[in-house]
Structures are given as structure tokens and as C-alpha cells.
Amino acid sequence: MVSQPPQDDYDEKSARQKEIDAWLPITSSRNAKWWYSAFHNVTAMVGAGVLGLPYAMSQLGWGPGITVMVLSWMITLYTLWQMVEMHEMVPGKRFDRYHELGQHAFGEKLGLYIVVPQQLIVEIGVCIVYMVTGGKSLKKFHDLVCDDCKPIKLTYFIMIFASVHFVLSHLPNFNSISGVSLAAAVMSLSYSTIAWAASASKGVQEDVEYGYKAKSTAGTVFNFFSGLGDVAFAYAGHNVVLEIQATIPSTPEKPSKGPMWKGVIVAYIVVALCYFPVAFVGYYIFGNGVEDNILMSLKKPAWLIATANMFVVIHVIGSYQIYAMPVFDMMETLLVKKLNFRPTTILRFCVRSFYVAATMFLGMTFPFFGGLLAFFGGFAFAPTTYFLPCIIWLAIYKPRKYSLSWWANWVCIVFGIFLMVLSPIGGLRTIVIQAKEYKFYS
């Protein structure tokens, strides 16, 4: 006869579990409103990637560019809907983290191995890219406002940008950063509008060309792949969507998917208002001569472009926090649940300060903005955004073969794999070309 563990032990374990869950950033606060989901999603989705879209269009060309942009918007909205639906598909249980959903679909071990590395690459990758973006935008702001000042290295601006995060990253959970996130969401709409409106007021440039820039066929093909990666990077909010939904209260009568989906719809309308005008107007005005960050192509009026760069800085401050929060959650879960550290403020302070310092150091070491976007965009964003939700959906719900759901999921999977395989090739080539002329910490 198997002896039962004493009830006291079980109660103690369950009490400890509750205490840890109340301390971890994702599960500690569940009183968010639907509009929190709207601006968290906007902040997560409309990142610095939007400023690279006219450049992506110049690499893709009019026809393929418009097709990829619109298809990506539709596919990622569909996969986001799947994630929202799957958050509470098991009665009485919530999948608060992407990897928990993966474990439910593929098993305890395999689910972790499939989801966690990809999610970490995305979240850490975004944080590094945002360190670079924040530093570059601060530098641009400084150079525009102060013409005759002595030039300051980009490295120092990245340090200035990081200093904000050494403070903000100690906010305990998602709900506590909702103010930062709201400011960031407003900023993203503002600088996107400035980017396309300032381009439109400039009028089409005299020597504008819409053909492919590269002289050789190989160059054109690689640039095309790189453009695909830039688009994939722009649609990257899925990595934090379950974590955002975990902050919304839920009962059997009123599940969290209702308010969450409402927020997602609002967010996606904002995404369309930001992405399509910036991409199409920017490309139409500057043609293939557009910079990899549209604000760099807009030199005048100086005050407006300086303002837009400052908006970008405020936005990426919020975005960095949204993507860092799940990483903090993973690191703190590992330390507290697996390595039995006590959940204390000192532990949190050390973990988060280390993470900010590490992303700052990597951002200062490799500031290749365009190449990084394409490389990370294809390598990790395409799977977690375009087709991993579809694979999980097929594994759990098993829709009838050749039914509408079956076809929709397979189309997304094929499109996503196509993006994942091709875009890192273009991104890596861009990094190699840029690295030739690069001097460390210059």
C-alpha cells in the first residue's frame, strides 16, 4: 500500500506555490482592464520596426511589398486570436506563459525545448535592438538640437538610454508598467504620423527610383530576403500576448478572452494606422533611396524630426519593459522554484540589474540596426508569431483534414516557414557587409 503524503505537507507546498505566484511578475496582479490589453499590445507590436518598413518596401518592390505587408497583418491577427482563445481552453486552468501552452501541446520537456529558446531569442533580441534604437534616436535628437556641439559617441547615448531601465525595470509586474506602456502607445502613433505626414509634405523626390537598388541579381535576392525579415520583425507582439492576458481577471461566466480580444482589435486598428501609411507613403516619396530608419531620411524641419526622435525614445522605453517582463519572470521562476532562492527584493534587484547591463553591453557592441532587425525577424519572430500558434492549434484541436481551419493553419505555417528560412540569410549578409567598416565602441 502506497503511503499518502501528509495533508500538512501538501498545504505547505500549495501555500508556498501561492506565495511565489503572488511574487512573480506575470501572475502577481490580475486586475487589468480591457484597455490595458490594447495599449500593451500596441506597445509590444508597433516598435522601432515601423520606421524600417519603407526601407523593407524598397527591398521588396511595390507588388511583393504590399502583398507581404497585408498578408502579415491578416495572418498575425488570426494567430493572435488563436493565442487568446487557447489561454483558457482547459476549464479552471490558465496558460499564463507561452511555454506553458507549448508544454500542454507537446509535453512537459519538449514544449519547453520548442518554445523557451525561441521566446528568449525574441525577447532578448528585441531588448538589444531597442537599446541601439534608443541610443541612435537620442544621438539624432542631440545632433539636431545642438548643431555646433562636439559630437558624442553612440556608445554613450546607449548608456544614457540604459540608465532609465536601471530604474524602471524594478517595477514589480505588468500592471505597474501600464502608465509607461500607455505613454509608449501614444508615442508610437505620434511618431508614425510624423514619419508619413512629413514625408508626404516633402513631395516625391526629384530623382526618385522604384527599381531594385542592388546591381547584381544575387544582391537583389539577398536584399529581398532581408526585407522579408524587416516585415516579420514589425509583427512581433505574440511573444508577450499570453503574459498580457494573464493580468486580466477571469471567471467561468466572464472569461478573460472577451476583454483581451476587444483590446487586440483596438491594437490592430492602431497597427494598421501606423504601418501602412508609413510603409507606402515613405517608399512612394523616397523610392529606393530611403534610409533603413525613415526619420534619418527626413532632415527638415529639424524641430519636428527632433520631436519624432524623442517620441521614439519614449516609445522604446515602454517596449523594452514589455519584452523584458517575461524574461524577468523566467529568470525569477528558475531561481525561486528550481534553485530554491527566497523571493526577496534583493534577488529581484540583482537579477533585473544584471539583465539591463547585459543588453546594454550587447547593444553597444553590435549596433547594426537594419541587419539585426532582419536577422532576428526571420530567425525567431516568424516561428513564434506566424506559425507556432497554428501548430499548437492543430496539435490540440485536431481540426478535420481539408476543413477551413485545417487549410488556414497550413497556409500560415507554409508562409511562416518561408519567412523563417529566407530572411535570416539576408539579415546576416547585411550584418557582414556593415561589420566590414565597423570599429568597436566608436
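Of the 37 residues of α13, 27 are buried, so this helix is largely enclosed by the rest of the structure. Do keep in mind that the model is predicted. Alongside α13, this briefing visits one enclosed cavity and two loop residues, E291 and H87.

**Helix α13**

- α13 covers residues 302-338, and its end-to-end reach, from the first C-alpha to the last, is 53 Å.
- That reach is close to the 54 Å expected for its 37 residues at 1.5 Å a residue.
- The helix still has a kink of about 30 degrees, which lies at A324.
- The proline P326 comes shortly after that kink.
- After α13 comes N340, with a positive phi near 55 degrees.

**The cavity**

- If you are looking for enclosed space, the structure holds one cavity of 30 Å³ or more.
- The largest cavity has a volume of about 40 Å³.
- Its lining consists of A44, M45, G47, G49, V126, Y130, F233, A234, A236, Y323 and F381.
- Three helices, α2 (34-45), α6 (108-145) and α9 (217-234), each provide at least two residues of this lining.
- Sorted by class, the lining has nine nonpolar residues, two polar ones and no charged ones.
- The polar pair is G47 and G49, because Gly counts as polar in this scheme.

**E291, a partly exposed loop residue**

- You will find E291 in the loop that runs between α11 (257-286) and α12 (294-297).
- E291 has a relative accessibility of 38%, so it counts as partly exposed; the class takes in values between 20% and 50%.
- Leaving aside residues up to four places away in sequence, E291 touches Y55, M296 and S297.
- The C-alpha atoms of E291 and G52 are separated by 8.0 Å, although the two residues are 239 residues apart along the chain.

**H87, a buried loop residue**

- H87 also sits in a loop, in this case between α4 (62-86) and α5 (98-106).
- Is H87 buried or exposed? Its relative accessible area is 0%, so H87 is buried, the cut-off being under 20%.
- Beyond residues up to four places away in sequence, H87 touches K93, R94, F95 and D96, which are among its contacts.
- Its other contacts of this kind are L242, Q245, A246 and S256.

Notes
Residues numbered from 1 in each chain as written. Predicted model: local features only at pLDDT ≥ 70, side-chain atom pairs only at ≥ 80, totals over all residues. Heavy atoms only, no water. 1 Å grid on protein atoms, 1.4 Å probe; cavity = no way out; pocket = protein on both sides within 12 Å on 5 of 7 lines; lining within 4 Å. Points joined across faces, edges and corners; volume = space filled by probe spheres on them. Helix = DSSP H or I, 4+ residues; strand = E, 2+ residues; numbered from the N terminus. Buried < 20%, exposed > 50% of the residue type's maximum accessible area, 1.4 Å probe, protein only. Contact = heavy atoms within 4.5 Å. Expected span 1.5 Å × (residues − 1). Bend = angle between axes of the 7 residues up to and from the residue.
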